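This report goes through the strands, the helices and a few single residues of one chain. Sequence and model are shown first, and the text follows.

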Amino acid sequence: MSKVCQITGRKAAVGNNVSHSKRRTKRKFKANLFNRRFFWVEQQIWISLTVSAAGLRTINKLGLDAAIRQAAEKGYLTSIKTAE
């Protein structure tokens with residue numbers, strides 16, 4: 001599975017390492033991702049999601065059902081694994 005948040009769509013960004021002498025070399029800023037299990041109350045099942053720290057805050061703010069619905073509308077959520 002790729003390293004993309006399933007709630008916010010965050011993924012690695014590209015930038016530069018800048019040395020003291022101002023030499024620039026390419027680098028990646030990786031997303032702060034976690035594999036977490038959530039209990040989806042509306043469906044009465046456990047699901048596993050790969051979420052970023054911002055995605056966790058979104059779930060805490062909106063609730064799991066609203067966050068999943070919003071992510072599905074924007075196309076970030078491709079598949080949900082059910083964790084039995």
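A residue is called buried when its relative accessible area is under 20%, exposed when that area is over 50%, and partly exposed in between. At 55% relative accessibility, Lys22 therefore counts as exposed, since the cut-off for exposed is over 50%. The model described here is a predicted one.

**Residues with positive phi**

Most residues other than glycine have a negative phi. Lys22 departs from this, with a positive phi near 70° in a residue that is not glycine. Lys22 is placed in the loop between β1 and β2, the latter covering residues 24-29. Gln44, which is not a glycine, also has a positive phi, of about 60°. Gln44 lies in the loop between β3 and β4. That loop belongs to a hairpin with four residues between its strands. With a relative accessible area of 55%, Gln44 is exposed.

**The sheet**

Strands of a sheet pair through backbone hydrogen bonds, in either a parallel or an antiparallel sense. In this model, three strands form an open sheet in the order β3-β4-β5, and the pairing is antiparallel. The edges are taken by β3 (33-40) and β5 (81-82); each has a single partner strand, so one side of each lacks a neighbour in the sheet.

How many bridges join β3 to β4? The two strands, of which β4 covers residues 45-52, are paired antiparallel over eight bridges. The pairing of β4 with β5, likewise antiparallel, runs over two bridges. Some of the bridge partners are set out below.

| Residue | Bridge partner | Strand of the partner |
|---|---|---|
| Asn35 | Thr50 | β4 |
| Phe39 | Trp46 | β4 |
| Trp40 | Ile45 | β4 |
| Ile47 | Thr82 | β5 |

Two helices contact this part of the structure. Helix α1, residues 53-62, packs on the sheet and touches both β3 and β4; the direction of α1 makes about 135° with that of β4. Helix α2, residues 64-74, lies across β3 and β4 and runs at about 120° to β3.

**Thr50 and its partner**

Thr50 is a residue of strand β4. Is Thr50 buried or exposed? Its relative accessible area is 10%, and Thr50 is therefore buried. Besides being the bridge partner of Asn35, Thr50 is joined to Asn35 through the side chains, by a polar contact of 3.0 Å. The bridge and the side-chain contact thus concern one pair of residues.

**Charges and rings**

Two arginines have their charged ends over aromatic rings. In the case of Arg27, the ring is that of Phe29, and the charged end sits 3.9 Å from the ring centre. In the case of Arg37, the ring is that of Trp46, with a distance of 4.6 Å to the centre. Trp46 is also the bridge partner of Phe39. A pair of aromatic rings is described by the distance of the centres and the angle of the planes. The structure holds one such aromatic pair.

**Two glycines**

Gly15 lies in strand β1. The relative accessibility of Gly15 is 15%, so this residue counts as buried. Which residues does Gly15 touch, not counting those up to four places away in sequence? They are Thr25, Lys26, Arg27 and Phe29. Arg27 and Phe29 are also the two residues of the charge-over-ring arrangement given above. The C-alpha atoms of Gly15 and Phe29 are separated by 7.1 Å, while the residues are 14 apart along the chain.

Gly9 is placed in the segment before β1, a strand that covers residues 13-18. With residues up to four places away in sequence left out, Gly9 touches Val4 and Tyr76. Between Gly9 and Thr82, which are 73 residues apart along the chain, the C-alpha separation is 20 Å. Thr82 is the bridge partner of Ile47 in β5.

Conventions. Residues numbered from 1 in each chain as written. Predicted model: local features only at pLDDT ≥ 70, side-chain atom pairs only at ≥ 80, totals over all residues. Heavy atoms only, no water. Pairing = 2+ DSSP bridges. Contact = heavy atoms within 4.5 Å. Axes fitted to C-alpha atoms, helices over the stretch in contact; angles between N-to-C directions. Phe/Tyr/Trp six-rings, centres within 6.5 Å; stacked < 30°, edge-to-face > 60°. Lys NZ or Arg CZ within 6 Å of the ring centre and 35° of its normal. Buried < 20%, exposed > 50% of the residue type's maximum accessible area, 1.4 Å probe, protein only. Polar contact = N/O pair within 3.5 Å; in protein donor to acceptor, adjacent residues only side chain to side chain.
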